[in-house]
Amino acid sequence: MKFLKNLNRKIRSNIYVSTASLLVLAFLVLAATVGLIGYWGFMTSYSQEYLDSTYKSAMVASQNVTGIDNVDLWNAMGADLLEKLYHFEETVWPELTSEDFASEDFYKNMIDKMGVTDEEINQIDKEKLLNAQYLLNTVFPDKNDKDYYEELYSFLYNTYSYDYVFTKSTLREIMKTQKLSAYYVIIPDDDYKNYTLIIDCPNPSLNRETRKLNTRCKTASDDFANAYKRIFEGGSEKEIILPKGDASNLDAYVTAMVPIYGTDENYKKTDKVTCILCAERSMSEFLLSRRNFIQGVVGVTIIFLIIITFICLYLIKRRIITPIEVVSKEAKRFASETTKIDDLNLRKKVGPIAEIKELASALEKMESDTINNINEITTMTRDKERVFYEVSLASQIQQGMLPEKDIIIKEDRRYDVQAKMFPAKNVGGDFYDFFMIDDNHIAILVADVSDKGIGAALFMAITKTLIKSRARLGGSASEILSNVDATISEKNPTGMFVTVWLGIVDLETGEVNACNAGHDYPAIMHSSDDYRIEKLQHGSPIGFLPGMEFPEYYFTLKSGDRIFLYTDGLVEAKRSDGARYTTDRMLTVLNNNKATENGELISIMKNDVDEFAGDEPQFDDITMLSFEYLNNPS
């Protein structure tokens with residue numbers, strides 16, 4: 001609140017800052033509007049292109065899937081064996097040398113490099129494979145045969161196993177060029193809740209484990225299940241699934257699906273869908289493009305604003321500031337010399353702006369009036385010196401108006417109250433008060449005037465007096481503040497206002513009647529528990545808007561319960577890096593010192609604020625009041 005007040009006051013009081021700020025704000029709004037429209041258009045077209053490219057990658061890959069009709073023969077070979085053949089083809093075969101090919105034990109070495117075990121060979125469904133079309137005349141090798149390894153190598157690299165290896169290798173190459181995350185081919189169950197994996201080809205850079213042939217998987221979501229159904233039953237040729245939830249997650253993927261049709265005995269494509277090819281593409285590329293676009297727009301906007309700002313500042317300087325400096329220079333000259341230049345004609349030297357011409361005329365008239373009234377100026381100087389003295393005196397008077405328990409209120413064992421104000425300047429705008437309304441009721445309050453200086457101090461004195469006078473006439477907290485608000489609003493030409501928290505404590509029952517007029521919420525400790533901020537009903541400040549209502553509320557204190565009141569200068573205290581003290585830090589100090597006497601608690605709190613702020617000067621008044629209900633008989 002304090003920062004906004006100071007900023008608003010600075011903008012309104014400086015024509016250079018005010019005009020430049022308005023122009024920069026207008027350009028900023030324009031740039032933001034254009035940027036948002038451009039961002040919407042870019043993201044709409046790019047996102048569609050991103051999805052289409054993923055689908056096209058799936059289509060390209062589907063044209064290179066072969067041998068899918070022979071999945072049962074792939075199963076006959078065994079998933080582990082097919083993966084070893086694929087690994088051999090991808091990693092070992094390209095590294096073979098001429099010496100390897102010339103070796104007498106070439107086939108045995110190749111079988112060893114594949115890592116094929118006797119157990120895997122024994123698990124091959126030889127009968128199913130040997131009955132296949134291209135293997136009808138083949139005999140499964142006998143291990144005792146001298147050409148066993150050569151025949152085994154030829155048997156392993158049959159037409160059907162090579163279809164698997166070729167398809168997977170081709171998908172991997174396409175995946176690299178298309179910058180995809182994975183290709184995989186599946187056959188869903190009839191209810192589409194699960195599927196059987198035929199080929200899994202993840203991008204090696206992702207370090208994701210490759211799932212083997214015939215792996216059973218649960219369908220990821222209903223969206224995927226419905227897409228499978230549309231392909232198998234609805235004749236859909238294209239399905240795209242977008243990531244759910246946080247699409248900005250780099251682990252999110254968009255999945256494109258296309259059907260793969262079977263072939264007849266003449267290897268011609270049929271109308272029957274046998275499986276689905278899925279292409280996964282990471283959202284990282286999309287997010288990177290979005291980030292680059294945003295950074296580019298922001299960068300261009302900043303450069304644009306800087307250029308426009310400098311142009312505007314130049315024009316303002318030439319048309320406004322320089323003429324004002326001419327007037328200012330003449331004012332300084334006159335202030336030092338107290339002489340008038342004949343035929344000065346300042347109006348002709350300040351340019352065409354009417355307001356500055358009027359200012360020049362006013363200065364010329366002021367010079368004449370000042371020379372004619374030199375004695376009056378001398379008197380004004382003496383008055384100014386007297387003001388400094390009166391400010392010092394006002395500070396002493398203000399401190400004297402604040403109550404002290406030992407002096408104002410006689411010893412009463414039913415409660416304990418301590419308070420302290422630490423003004424930022426000689427005269428502050430905060431105040432506190434506590435006083436007995438009658439034998440069983442005590443009023444406690446803390447307030448913060450919206451300004452500083454002599455005016456705020458006078459406003460504070462008037463408000464404090466009105467509240468105390470009205471409270472002693474009886475009535476609830478709401479009635480008291482409503483009456484004071486009405487009185488102040490009758491004549492308040494400066495527009496100042498004051499935030500107030502007023503509580504009336506019944507010392508017999510512990511009941512508190514409270515009213516919050518735009519002030520910070522109190523910190524209350526019940527039953528030796530932690531202090532907590534009680535965010536209850538909240539009204540407008542006194543003098544802010546005439547005729548506003550001031551809602552009140554009630555709560556009850558037990559013996560040992562406490563109320564801690566404060567002004568915003570405490571929680572908004574800052575240090576050199578701009579960090580604020582905050583309510584959370586205040587509560588931590590309070591809860592670490594719950595058993596501390598009220599006066600010492602206030603001192604501990606002020607020391608912690610000073611330690612937090614360091615060398616940063618105090619910019620706002622700090623006022624604290626700590627009240628403890630003891631409920632001991634008088």
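This dialogue goes through confidence, sheets and helix packing in a predicted model.

Student: What is the average pLDDT of the protein chain, and what share of residues scores at least 70?

Tutor: The chain averages a pLDDT of 80, and 81% of the residues score at least 70. One stretch to treat apart is residues 388-396, where the pLDDT is below 50. Beyond near neighbours in sequence, that stretch has seven contacts in the model.

Student: How do I read a sheet? Take the one that holds strand 8: what is the strand order, and which strands are at the edges?

Tutor: Start with the order and the sense of pairing, then look for the edges. Here five strands form an open sheet in the order 8-9-10-11-14, and the pairing is antiparallel. Strand 8 (430-438) and strand 14 (552-556) are the edge strands, each pairing on one side only. Between neighbouring strands of this sheet the turn is 15 degrees on average, direction ignored.

Student: How many bridges join strand 10 and strand 11?

Tutor: Six bridges, in the antiparallel sense, pair strand 10 (residues 498-506) with strand 11 (residues 511-517). To find the register, pick one partner pair: Val-505 has Val-512 in strand 11 as its bridge partner.

Student: Which strands does helix 16 lie across?

Tutor: Helix 16 lies across strand 8, strand 9 (441-449) and strand 10. Relative to strand 8, the helix runs at about 15 degrees.

Student: Helix 16 also meets helix 17. At what angle do their axes cross, and what is the handedness?

Tutor: For a helix pair, read the distance, then the angle, then the hand. The axes of helix 16 (residues 453-471) and helix 17 (residues 477-490) come within 9 Å and cross at roughly 135 degrees. The two helices are therefore oblique to each other. The crossing of helix 16 past helix 17 is right-handed.

Student: Which residues make that contact?

Tutor: From helix 16 they are Phe-459, Thr-463, Leu-466, Ile-467, Arg-470 and Ala-471. Helix 17 contributes Glu-479, Ile-480, Leu-481, Asn-483, Val-484, Thr-487 and Ile-488. By class, the residues of this contact are eight nonpolar, three polar and two charged.

Student: Now the sheet with strand 7. What is its order, and where are its edges?

Tutor: Its five strands make an open sheet ordered 7-16-15-12-13, with antiparallel pairing. The edge strands are strand 7 (415-422) and strand 13 (531-533), and each pairs on one side only. The twist from one strand to the next averages 15 degrees. Inside the sheet, strand 12 (residues 523-525) and strand 15 (residues 562-566) run antiparallel and are joined by three bridges. Ala-523 stands opposite Phe-564 in strand 15.

Student: Which strands does helix 19 touch?

Tutor: Helix 19 (residues 583-592) packs on this sheet and touches strand 12, strand 13 and strand 15. Its direction makes about 155 degrees with that of strand 13. Helix 20 (residues 598-613) lies across strand 7, strand 13, strand 15 and strand 16 (622-629), at about 150 degrees to strand 16.

Student: Back to helix pairs. How do helix 6 and helix 9 pack?

Tutor: The angle between helix 6 (residues 106-114) and helix 9 (residues 148-156) is about 50 degrees, and their axes are 8 Å apart. That angle makes helix 6 oblique to helix 9. Helix 6 passes helix 9 in a left-handed crossing. In the contact, Tyr-107, Lys-108, Met-110, Ile-111 and Met-114 of helix 6 meet Tyr-149, Glu-150, Leu-152, Tyr-153 and Leu-156 of helix 9. These contact residues comprise eight nonpolar, no polar and two charged.

Methods
Residues numbered from 1 in each chain as written. Predicted model: local features only at pLDDT ≥ 70, side-chain atom pairs only at ≥ 80, totals over all residues. Heavy atoms only, no water. Axes fitted to C-alpha atoms, helices over the stretch in contact; angles between N-to-C directions. Helix = DSSP H or I, 4+ residues; strand = E, 2+ residues; numbered from the N terminus. Parallel < 35°, antiparallel > 145°, perpendicular 65-115°, else oblique. Left-handed = near helix turned anticlockwise from the far one by under 90°. Contact = heavy atoms within 4.5 Å. Nonpolar A, V, L, I, M, F, W, Y, C, P; charged D, E, K, R; others polar. Pairing = 2+ DSSP bridges. pLDDT = per-residue confidence, 0-100.
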